[in-house]
Amino acid sequence: MKTCAAPFEKYLNLADARLGSRVIEVSDDWFAAADRMLQPGEPVWKEGVFDDNGKWMDGWESRRKRFEGYDHAVIRLGVPGVLKGVDIDTRHFTGNYPPSASLEACFVAAGDPDQETQWTEVLPAVELCGDSHHYHALDCAQPFTHLRFNIYPDGGVARLRVHGIPYRDWSAQGGEEAIDLAAALNGGRALACSDEHFGRMGNLLNPGRGVNMGDGWETARRRSPGNDWVIVALGHPGEIERIVVDTLHFKGNYPDSCSIQGAFVKGGTDAQIETQSLFWRELLPSQKLSMHQEHEFAEQIAALGPITHVRLNIFPDGGVSRLRLFGKVAK
């Protein structure tokens with residue numbers, strides 16, 4: 001089981017390129033494109049690799065500044081969200097990292113920021129070190145759609161991860177339309193799991209189908225009795241009508257079968273939910289799985305009414321690429 005370096009890492013990385021987050025403006029990215037710092041993988045070092053502009057670096061790197069000012073990048077988040085914390089990662093940047101950085105944010109209902117946009121400072125300037133993670137909790141109540149990441153005066157950052165809770169205006173959602181209530185873009189969040197040795201549990205809820213085995217949830221080979229599981233909080237309470245369990249790319253390591261439990265959870269903490277889940281009702285009875293394919297279930301789903309959380313059980317272990325829970329929002 002992986003442990004979080006900071007408590008806010010349990011929340012979704014809103015700046016993840018897989019969610020559609022991208023850099024829409026940058027003051028300078030001469031050495032390394034700014035969008036690289038939004039990639040989900042860990043930064044890598046390529047010894048002796050150069051391109052036309054200099055040493056290839058896995059992150060955003062600007063030129064050495066020869067005039068006053070500082071560099072910045074404006075990021076449009078793939079999904080608006082309430083910010084909980086940030087990790088400014090300078091790994092592999094040693095003699096070329098910025099001495100400090102800050103973060104601003106704004107909410108733009110439609111389009112992108114302009115010169116009239118009011119920005120809110122969510123992280124004042126903090127000192128940075130080379131080849132290091134820098135974790136900072138954020139205290140924000142309102143959601144944001146865009147970030148402005150400032151580095152002083154120039155340099156390189158390998159990854160910018162901004163963790164938070166996705167925001168959606170559910171009042172505009174029609175009651176008869178079935179949507180994926182577990183999707184990360186709709187506020188779904190993986191809370192806990194028995195093991196995530198090979199693939200992170202949050203990958204289950206990402207948009208689209210997995211690109212490879214690493215873009216899914218995969219446990220270590222179980223050598224003791226029992227089974228593996230993951231708990232997911234839905235973006236909004238709802239009644240589940242259709243379930244998709246996708247084992248794409250998992251061929252010699254897919255689970256033999258799966259089942260799903262569900263509950264309407266009121267109060268408590270994320271940690272307490274893990275114990276409660278043992279007694280949740282059965283939403284989907286045990287179903288046989290096959291390698292490398294989508295499995296769709298509808299008639300097999302029990303009528304539990306509105307639920308807020310599910311527990312996906314896999315027997316005995318293995319990998320699942322995506323979990324989709326389609327249902328109607330409970331008003």
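The exercises below, each with a worked solution, concern a predicted model.

**Exercise 1. The largest pocket**

Describe the largest pocket by its volume, by the residues closest to its centre, by the elements that line it and by the kinds of residue in its lining.

*Solution.* Begin with the volume, which is about 1,200 Å³ for the largest pocket. Next consider the lining, to which 44 residues belong, those closest to the centre being Glu9, His163, Glu196, Arg200 and Gly202. Then assign the lining to secondary structure: the elements that give two or more residues are the strands S1 (12–13), S9 (133–137), S12 (159–166) and S14 (189–193), together with helix H1 (270–276). Within this group S14 gives the most, with four residues. Finally, sort the lining by kind, which yields 17 nonpolar, 12 polar and 15 charged residues.

**Exercise 2. Backbone geometry in the loops**

Locate the cis peptide bonds from tyrosine 152 to proline 153 and from phenylalanine 315 to proline 316, and then describe the setting of histidine 92 and histidine 292.

*Solution.* As background, most residues other than glycine have a negative phi, and most peptide bonds are trans.

- Step 1. The bond that leads from tyrosine 152 into proline 153 is cis, its omega lying near -15°, and proline 153 is found in the loop between strand S10 (144–152) and strand S11 (156–157).
- Step 2. The bond that leads from phenylalanine 315 into proline 316 is cis, with omega near -15°, and proline 316 is found in the loop between strand S20 (307–315) and strand S21 (319–320).
- Step 3. Histidine 92, although not a glycine, has a positive phi of about 75°, and this residue sits in the loop between strand S6 (71–89) and strand S7 (100–106). Its relative accessibility is 27%, so histidine 92 counts as partly exposed.
- Step 4. Histidine 292, also not a glycine, has a positive phi of about 55° and belongs to the loop between strand S18 (281–288) and strand S19 (294–297). Because its relative accessible area is 34%, histidine 292 is partly exposed.

**Exercise 3. Strand S7 and its partners**

Determine how many residues of S7 are buried, which way its side chains point, and how S7 pairs with S8 and with S10.

*Solution.* The first step is the burial count: S7 is mostly covered, with seven of its seven residues buried. The second step is to separate the two directions, since Ser100, Ser102, Glu104 and Cys106 point one way from S7, whereas Ala101, Leu103 and Ala105 point the other way, and all are buried. The third step is to follow the pairing with strand S8 (residues 120–127), which is antiparallel and extends over five bridges; here alanine 105 has threonine 120 as its bridge partner. The fourth step is to follow the pairing with S10, which is likewise antiparallel and extends over seven bridges, with serine 100 standing opposite tyrosine 152.

**Exercise 4. Salt bridges**

State how many salt bridges the model contains, and work through the pairs of aspartate 58 with arginine 159, arginine 91 with aspartate 89 and aspartate 246 with arginine 209.

*Solution.* Side chains of opposite charge can pair when their charged atoms come close. With a cut-off of 4 Å between a side-chain nitrogen of Lys or Arg and a carboxyl oxygen of Asp or Glu, the count comes to 19 salt bridges.

1. Aspartate 58 and arginine 159 form a salt bridge in which the closest N and O atoms are 3.1 Å apart. This pair links distant parts of the chain, 101 residues apart, with aspartate 58 in the loop between strand S4 (54–55) and strand S5 (60–61) and arginine 159 in strand S12. Aspartate 58 is buried because its relative accessible area is 10%, and arginine 159 is buried because its relative accessible area is 3%.
2. Arginine 91 and aspartate 89 meet through their side chains at 2.7 Å, N to O, and both residues are buried.
3. Aspartate 246 and arginine 209 meet at 2.9 Å, N to O. They too link distant parts of the chain, 37 residues apart, with aspartate 246 in strand S16 (residues 228–246) and arginine 209 in the loop between S14 and strand S15 (217–218). Aspartate 246 is buried, with a relative accessible area of 1%, whereas arginine 209, at 42% relative accessibility, counts as partly exposed.
4. To finish, look for linked pairs: Asp16, Arg18, Asp215 and Arg322 are joined in a network of salt bridges.

Notes
Residues are numbered from 1 along each chain as its sequence is written. This is a predicted model: local features need pLDDT of at least 70, side-chain atom pairs count only at pLDDT 80 or more; totals for chains, interfaces and linings use all residues. Side-chain values use heavy atoms; hydrogens and water are left out. On a 1 Å grid over the protein atoms alone, a cavity is a set of points where a 1.4 Å probe fits but cannot get out, and a pocket is an open set with protein on both sides within 12 Å along at least five of seven lines; lining residues have an atom within 4 Å of a point. Grid points are joined across faces, edges and corners, and a volume is the space filled by probe spheres set on the points. Ala, Val, Leu, Ile, Met, Phe, Trp, Tyr, Cys and Pro count as nonpolar, Asp, Glu, Lys and Arg as charged, and the others, Gly among them, as polar. Buried means under 20% relative accessible area, exposed over 50%, partly exposed in between (1.4 Å probe, protein chains only). Two strands pair if DSSP finds at least two bridges between them.
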